[in-house]
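Q: Before looking at single residues, I would like to know how to read charged pairs and a ligand site in a model. Where do we start?

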Amino acid sequence: MRRATYAPASLTFHWTSHLATRFRFDPNPESLPADERAARMADPGFGQLFTDHMAVIRWSEADGWHDAAVTARKPLVMDPASSVFHYAQEIFEGLKAYRLDDGNTALFRPEANARRFRDSARRMAMPELPEELFVESIERLVDADRDWVPDGSGGGSLYLRPFQIATSVFLGVRPSSEYLYMVIASTVGAYWKGGPKSIRIWVSQDYTRAAPGGTGAAKCGGNYAASLLAQKEAIARGCDQVVFLDAAERRWVEELGGMNVFFVFEDGSIQTPPLTGTILPGITRDSILTLARDRGMTVREEPYALDRWRADAESGRLTESFACGTAAVVTPIAEVADPDGTFRIGAGGPGQVTTALSDALQAIQRGRAPDPHGWLHRLS
Ligand SMILES: *Cc1c(COP(=O)(O)O)cnc(C)c1O
């Protein structure tokens, strides 16, 4: 049987012939004046305050990756038949640029985001953006918008959102023959204002996030669209976030709507569900696993059942749990609720191990601690 190939290498790597042009820069003539920018950056919230520029690269079957530019941030004009609106062929990434104490800026593990973006593209039958072009698009945008990177004092950073959408004007169901890759940037404050909040999470009974063979490991908007009803239910139950169980047995804890989950035990070991294809391979997850191993901690990537979680929390065998992801970094879990009742984790506040791992990770991200794994990607 002949297997479908969606993005022949010859097309995917066509962009090399455009290396000479690389990124055009059209500065925004209406960039926000410095005093207005400073006023807005004083209390940016999360994902609401956008910078002056955006990065754009186009892909077509004929030209491969081409037309790379950093331009004024502006609305898109798109045909209503563009396939992304109908069949959701879309992927995205999320990473941060941090202001270091020496005034320079740095990205955290952008090469890992570049690799995951390619993996997501492959799963969604989209052309894969070369990793160096992904990283360069972010470098160029942060360079153009460098004044929008806040100092780290209040836990702020520049949140970067690369994404890729199908733009063929065609209602037939097949992979698009044209794509638009973009990066937008948003000045953000600390995700939880006033320090890490301990959250209460709702175990979804009626909905699952990802099934074996599905798109759970790809960072695609469709996964989020499918999670919103469960998240709404969590809010209605007085919770902050939803946690999903596996789709096959409804027994194993998988992850939150947009964060991975960790369990901390009395003996000092930590555990997180394994990457079997239904869980998003978080870069924060990987960083925490690495930091824990560096510290000589026992680390397990093994399935953990909801009934075990409840029993271990009640017996005291489990002492802490936390969620993690780029946006909020580390978020302690205080309570878990489902129709059978609520169970409390440890003392309900941020535990010692959670705090230590969170502090260690953030010290590296801010350039305040040695970086043995070369995770900081310094920009000038
Ligand atoms: C992005 C994301 C995460 C966290 O990944 P990071 O690379 O750590 O930001 C976890 N779960 C889901 C579903 C995600 O989309």
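A: We start with a definition: a salt bridge is a side-chain nitrogen of Lys or Arg within 4 Å of a carboxyl oxygen of Asp or Glu. The model here is predicted.

Q: What is the general idea behind such a pair?

A: Side chains of opposite charge can pair when their charged atoms come close. In this case, Asp26 and Arg24 form a salt bridge, with 3.3 Å between the closest N and O atoms.

Q: Is Asp26 buried, partly exposed or exposed, and which of these is Arg24?

A: Buried means under 20% relative accessible area and exposed over 50%, with partly exposed in between. Asp26 has a relative accessible area of 32%, so Asp26 is partly exposed. Arg24 is at 43%, and therefore also counts as partly exposed.

Q: How many salt bridges does a search of the whole structure find?

A: The search finds 22 salt bridges. One of them joins Glu335 to Arg200, where the closest N and O atoms are 2.8 Å apart.

Q: Turning to the ligand, where does the ligand sit, and which residues come nearest?

A: The ligand occupies the largest pocket. Around the ligand are 15 residues, of which Lys219, Tyr224, Glu255, Thr284 and Thr326 come nearest. By class, the shell has four nonpolar, seven polar and four charged residues.

Q: Which polar atoms of the protein lie close to those of the ligand?

A: A polar contact is a pair of N or O atoms within 3.5 Å. In the side chain of Glu255, an N or O atom is 2.6 Å from a ligand nitrogen. Thr326 places a polar side-chain atom 2.6 Å from a ligand oxygen. With Ile283 a polar backbone atom takes part, 2.8 Å from an oxygen atom of the ligand.

Q: How much of the ligand's accessible area does the protein cover?

A: On its own the ligand has 380 Å² of accessible area, and the protein covers 97% of this.

Notes. Residues are numbered from 1 along each chain as its sequence is written. This is a predicted model: local features need pLDDT of at least 70, side-chain atom pairs count only at pLDDT 80 or more; totals for chains, interfaces and linings use all residues. Side-chain values use heavy atoms; hydrogens and water are left out. A residue is near a molecule or strand if one of its heavy atoms lies within 4 Å of it. A polar contact is a pair of N or O atoms within 3.5 Å; within protein, one must be able to donate a hydrogen and the other to accept it, and residues adjacent in sequence count only if both atoms are side-chain atoms. Accessible areas come from the Shrake-Rupley method with a 1.4 Å probe; for residues, only the protein chains shown count as cover. On a 1 Å grid over the protein atoms alone, a cavity is a set of points where a 1.4 Å probe fits but cannot get out, and a pocket is an open set with protein on both sides within 12 Å along at least five of seven lines; lining residues have an atom within 4 Å of a point. A molecule sits in a cavity or pocket if more than half of its atoms lie within 2 Å of its grid points. Ala, Val, Leu, Ile, Met, Phe, Trp, Tyr, Cys and Pro count as nonpolar, Asp, Glu, Lys and Arg as charged, and the others, Gly among them, as polar. Buried means under 20% relative accessible area, exposed over 50%, partly exposed in between (1.4 Å probe, protein chains only).
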